[in-house]
Amino acid sequence: MFQKVRNRKSNIEESIVKKILLIMALTSVLSLGLIAFFIFMEGLPFMFNYGITEFIFGTTWDPTNQVYGIFPMIVGSVLATVLAISIGAPIGIAVAVFLVEIAPPRVAKVIRPAVQLMEGIPSVVIGLFGMVIILDLIRRLSRGPLSEFLPSTYQTGYSVLAGAIILVIMILPTIISISADAFELCRRNINKQL
């Protein structure tokens with residue numbers, strides 16, 4: 001009798017929590033949808049007046065002269081993303097394999113929480129770190145040993161490489177955590193099979 005009352009009470013509590021979580025999830029999706037709707041409603045009249053093809057495929061961005069071409073920004077974003085994934089994925093997977101298969105348990109117990117801590121660093125902080133440290137390093141390299149190979153316009157440090165390195169720093173903790181969890185799960189399943 002007492003067990004039935006307890007089960008009924010836990011079922012009621014669970015259904016309340018489920019409904020609260022559903023409301024929160026729907027609220028976040030609705031908020032994101034409203035933000036996207038607002039941006040498109042404010043931006044579409046401009047794009048239609050300016051010309052969608054000229055806006056997307058234009059190669060010059062000069063707002064002071066009313067010229068708005070975003071094609072170089074699109075290409076730069078895609079290049080930085082592809083470069084970041086091609087650099088970050090192998091490094092992240094290799095570190096995850098090291099943590100799960102090779103590292104002594106004491107070392108893994110230190111590195112795993114550090115990686116999880118890095119996941120919590122806001123992207124704004126990582127971006128600021130990149131603007132201050134990474135750009136300066138690339139600028140010093142391009143003005144130092146690489147100066148005879150690079151024209152002066154490429155010696156500012158602002159580049160796709162800098163963006164890719166900053167993105168690698170952002171995605172590495174996530175790739176390492178997810179890959180390590182997947183490898184641990186696979187190892188547990190394999191050990192159960194044996």
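Start at Ala-84 in this predicted model. Setting aside neighbours within four places in sequence, Ala-84 is in contact with Ala-89, Ala-164, Leu-167, Val-168 and Ile-171. Ala-84 also belongs to the largest nonpolar core, a set of nine residues. The other members are Leu-99, Ala-103, Ala-108, Val-115, Ala-164, Val-168, Leu-172 and Ile-176. Which elements give two or more residues to this core? They are helix H3 (71-102), helix H4 (105-119) and helix H6 (160-193). H6 gives the most, with four residues. There is a second, separate core too, made of six residues, among them Ile-134, Leu-135, Ile-138 and Ala-162.

Now follow H3 along its length. This helix has 32 residues, and from its first C-alpha to its last it reaches 45 Å, close to the 46 Å expected at 1.5 Å a residue. There is still a kink in H3: about 25 degrees at Gly-88, shortly before the proline Pro-90. Gly-88 is also one of the buried residues of H3. The others are Ala-80, Ala-84, Gly-92, Ala-96, Leu-99 and Val-100. Look down that list and you'll notice a rhythm in the numbering. An α-helix has 3.6 residues a turn, so residues three or four places apart point the same way. And what covers the buried residues of H3? The cover includes H4 and H6.

Two residues let you look at these helices in close-up. One is Ser-179, which lies in helix H6. Is Ser-179 buried or exposed? Its relative accessibility is 12%, under the 20% cut-off, so Ser-179 counts as buried. The side chain of Ser-179 reaches the backbone oxygen of Ile-175 at 2.8 Å. Not counting residues up to four places away in sequence, Ser-179 touches Ile-93 and Ala-96. Ala-96 has already come up, as one of the buried residues of H3.

The other close-up is Arg-112, and its place is in helix H4. At 17% relative accessibility, Arg-112 counts as buried. What does the side chain of Arg-112 make a polar contact with? The partner is the side chain of Asp-181, at 2.7 Å. Leaving aside neighbours within four places in sequence, Arg-112 is in contact with Leu-99, Ser-177, Ala-180, Asp-181 and Glu-184. Leu-99 is a name you've met before, as a member of the nine-residue core.

Next comes helix H5, which covers residues 123-143. At 1.5 Å a residue, its 21 residues should span 30 Å, and the end C-alpha atoms are 28 Å apart, which agrees. Where does H5 bend? The place is Gly-130, and the bend is about 35 degrees. Gly-130 is among the buried residues of H5, along with Ile-126, Ile-134, Leu-135, Ile-138 and Ser-142. Ile-134, Leu-135 and Ile-138 are also included in the second core. As for what covers the buried residues of H5, that includes H6.

Let's move to the aromatic rings, where the count comes to six pairs. Take Phe-46 and Phe-55: their ring centres are 5.8 Å apart and their planes stand at 90 degrees, so the pair is edge-to-face. Phe-55 is buried, with a relative accessible area of 14%, while Phe-46, at 33% relative accessibility, counts as partly exposed. Phe-46 also pairs with Tyr-68, with ring centres 5.2 Å apart and planes at 85 degrees, so this pair is edge-to-face as well. Why does the pair tie together parts that are 22 residues apart in sequence? Because Phe-46 lies in helix H1 (residues 2-50) and Tyr-68 in strand E2 (residues 67-68). Tyr-68 itself is buried, with a relative accessible area of 15%. Zoom out a little and these rings belong to one aromatic cluster, formed by Phe-46, Tyr-50, Phe-55, Trp-61 and Tyr-68.

The last stop is Gln-66, in the loop between strand E1 (61-62) and E2. Gln-66 has a positive phi of about 60 degrees although it is not a glycine. At 53% relative accessibility, Gln-66 counts as exposed.

Key
Residues are numbered from 1 along each chain as its sequence is written. This is a predicted model: local features need pLDDT of at least 70, side-chain atom pairs count only at pLDDT 80 or more; totals for chains, interfaces and linings use all residues. Side-chain values use heavy atoms; hydrogens and water are left out. Rings of Phe, Tyr and Trp (its six-membered ring) pair if their centres lie within 6.5 Å; planes under 30 degrees apart count as stacked, over 60 as edge-to-face and the rest as tilted. Buried means under 20% relative accessible area, exposed over 50%, partly exposed in between (1.4 Å probe, protein chains only). A nonpolar core is a set of buried Ala, Val, Leu, Ile, Met, Phe, Trp, Tyr and Cys residues joined through side-chain atoms within 4.5 Å. Contact means heavy atoms within 4.5 Å. The expected span of a helix is 1.5 Å times one less than its number of residues. The bend at a residue is the angle between axes fitted to the seven residues ending there and the seven starting there. A polar contact is a pair of N or O atoms within 3.5 Å; within protein, one must be able to donate a hydrogen and the other to accept it, and residues adjacent in sequence count only if both atoms are side-chain atoms.
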